[in-house]
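Me: I have a new model on my screen and would like to talk through its fold with you. Shall we take it one piece at a time?

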Amino acid sequence: MARRPAKAPAKKANAKKAAAKKAASRKGAAAKGAARRASGRLADRALRQEIIETCLAMNAAGINQGSSGNISARNASGFLITPSGVDYEKMTPQQIVQVDLEGGYFGEWLPSSEWRMHLDVYLGKPEAQAVVHTHATYATALSCLRREIPAFHYMIGVTGGATLRCSEYATFGTQALSNTMMTALEDRTACLLANHGMICFADTLPKSLKLAVEIETLCRQYFIACQAGQPVVLGDAEMTGVLARFKTYGLQSDELGENDALAVEAPVRRDAPRRAQKSDQKSGPKRAPKSGKKAGARKRRG
Ligand SMILES: [Zn+2]
């Protein structure tokens, strides 16, 4: 009987300890969950940030007006796209909108009004990893003429074909616009959108932006050439050759596949490629330079 009061505080202390342990484990689990969620967010944070930086670079390149353009990048859940009507300078990674491939979106921010065009590019072009849509001045001016840009310059091959097509007209933000865009994008990586602007895609954000700049440059050149006269258009045979070369355009020789040909007729290389030098050092003819030295030494002696 005398022990009871002594035991009671010990029980209390044990209960306190157990409660503290439980709370700690709950805290630990919550922290682990938060860390997991944070790392999940972080994985896309870099891509979200890259989208914002591409928007800023697009405006710095002078190929877009305000926030009228929009940019997206494919990810594991569908694609990430710029929000509707937010200044690029004030845009934060959290405002970039996740859209799934069924056309649903997540979060507080509405995706760009042109999300349908981006969605259809990702659905119809498995090779597309990033999409850029802009109202670049010359591309837009030519889109108002609703004219297909012919092969007035071989660089038109960056579109993947011998022309830069212009879509039929449809109201912005509609499925009809997306449908006519997809028709104009058949076998192409870029097209003009009638009375609207241009759209293009590539396998990375930097490459998509580079392509958008190239398309605007071509439109400017074509526009200026047309002011001076009637540009001479390159023939189909010439453009077939150009397009074959474009497959390896910009690649270095070590990036080529077995059956690829270089886009440029390269001059003869005078020095030995590094890789060949390394493999020479690893295999047989190690002695050659030594004996050469000796031979030279002998010569000097003699
Ligand atoms: Zn637009």
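**A walk through the sheet and its surroundings**

Me: Happy to start with the overview. What does the secondary structure of the chain come to?
Reply: Keep in mind that this is a predicted model. The chain has 302 residues, and buried ones make up 28% of them. Counting its secondary structure gives 8 helices and 7 strands.

Me: In what order do the 7 strands sit in the open sheet?
Reply: Strands of a sheet pair through backbone hydrogen bonds, either parallel or antiparallel. Here the pairing is antiparallel. Reading across the open sheet, the order is β4-β3-β2-β1-β5-β7-β6.

Me: Which strands stand at the edges?
Reply: An edge strand has a single partner, so one side of it is left without a neighbour in the sheet. For one of these, β6, the partner is β7, joined to it by 4 antiparallel bridges. The strands at the edges are β4 (105-106) and β6.

Me: Let's move inward to β5. How many bridges join it to β1, and how many to β7?
Reply: β5 runs antiparallel to strand β1 (residues 70-75), and alanine 73 has alanine 130 as its bridge partner in β5. With strand β7 (residues 197-202) the pairing is antiparallel too, and there valine 131 stands opposite phenylalanine 201. The counts are 4 bridges to β1 and 5 bridges to β7.

Me: Is β5 largely enclosed or largely open?
Reply: In a regular strand the side chains alternate between the two faces of the sheet. In β5, Ala130, Val132 and Thr134 point one way and Val131 and His133 the other way, and all are buried. Because 5 of the 5 residues of β5 (residues 130-134) are buried, the strand is largely enclosed by the rest of the structure.

Me: Which helix gives the most residues to the largest nonpolar core?
Reply: That core has 58 residues, and Cys191, Met198, Ile199, Cys200 and Ile215 touch the most other members. The helix that gives the most to this core does so with 8 residues. This helix lies across β1, β5, β6 and β7, at about 145 degrees to β7. It is helix α5 (residues 205-228).

Me: What is the bridge partner of cysteine 191 in β7?
Reply: Cysteine 191 is listed with Ile199 among the core residues that touch the most other members. β6 and β7 are joined by 4 bridges and run antiparallel. Across that pairing, the partner of cysteine 191 is isoleucine 199.

Me: Which residue of α5 does methionine 198 touch?
Reply: Setting aside residues up to four places away in sequence, methionine 198 touches several residues, including Thr134, Ala139, Ser143 and Leu193. α5 covers residues 205-228, and the contact of methionine 198 that falls in that range is Ile215.

Me: Now for helix α2 (residues 115-124). How many of its 10 residues are buried?
Reply: The buried ones are Trp115, Arg116, Met117, His118, Leu119, Val121 and Tyr122. They pack against β1, β2 (78-81), β3 (97-99), β5, α4 and β7. The helix is mostly covered, and its buried count is 7.

Me: How far apart in space are serine 178 and methionine 117, C-alpha to C-alpha?
Reply: Serine 178 is found in helix α4 and is buried, with 23 other C-beta atoms within 10 Å. Beyond its sequence neighbours, serine 178 touches Arg116, Met117 and Asp120. Serine 178 and methionine 117 are 61 residues apart in sequence, yet their C-alpha separation is 4.7 Å.

Me: Is arginine 48 buried or exposed?
Reply: Arginine 48 lies in helix α1 (residues 3-60). Leaving aside neighbours within four places in sequence, arginine 48 is in contact with Leu80, Pro93 and Ile96. Because 22 other C-beta atoms lie within 10 Å, arginine 48 counts as buried.

Me: One last check on the backbone. What is phi of aspartate 187 near?
Reply: Most residues other than glycine have a negative phi, and most peptide bonds are trans. Aspartate 187, in the loop between α4 and β6 (190-193), is exposed, with 8 other C-beta atoms within 10 Å. Its phi is positive, near 55 degrees.

Key. Residues numbered from 1 in each chain as written. Predicted model: local features only at pLDDT ≥ 70, side-chain atom pairs only at ≥ 80, totals over all residues. Buried ≥ 20, exposed ≤ 12 C-beta atoms within 10 Å, placed from the backbone. Helix = DSSP H or I, 4+ residues; strand = E, 2+ residues; numbered from the N terminus. Pairing = 2+ DSSP bridges. Contact = placed C-beta atoms within 7 Å. Core = buried A, V, L, I, M, F, W, Y, C linked by C-beta atoms within 7 Å. Axes fitted to C-alpha atoms, helices over the stretch in contact; angles between N-to-C directions.
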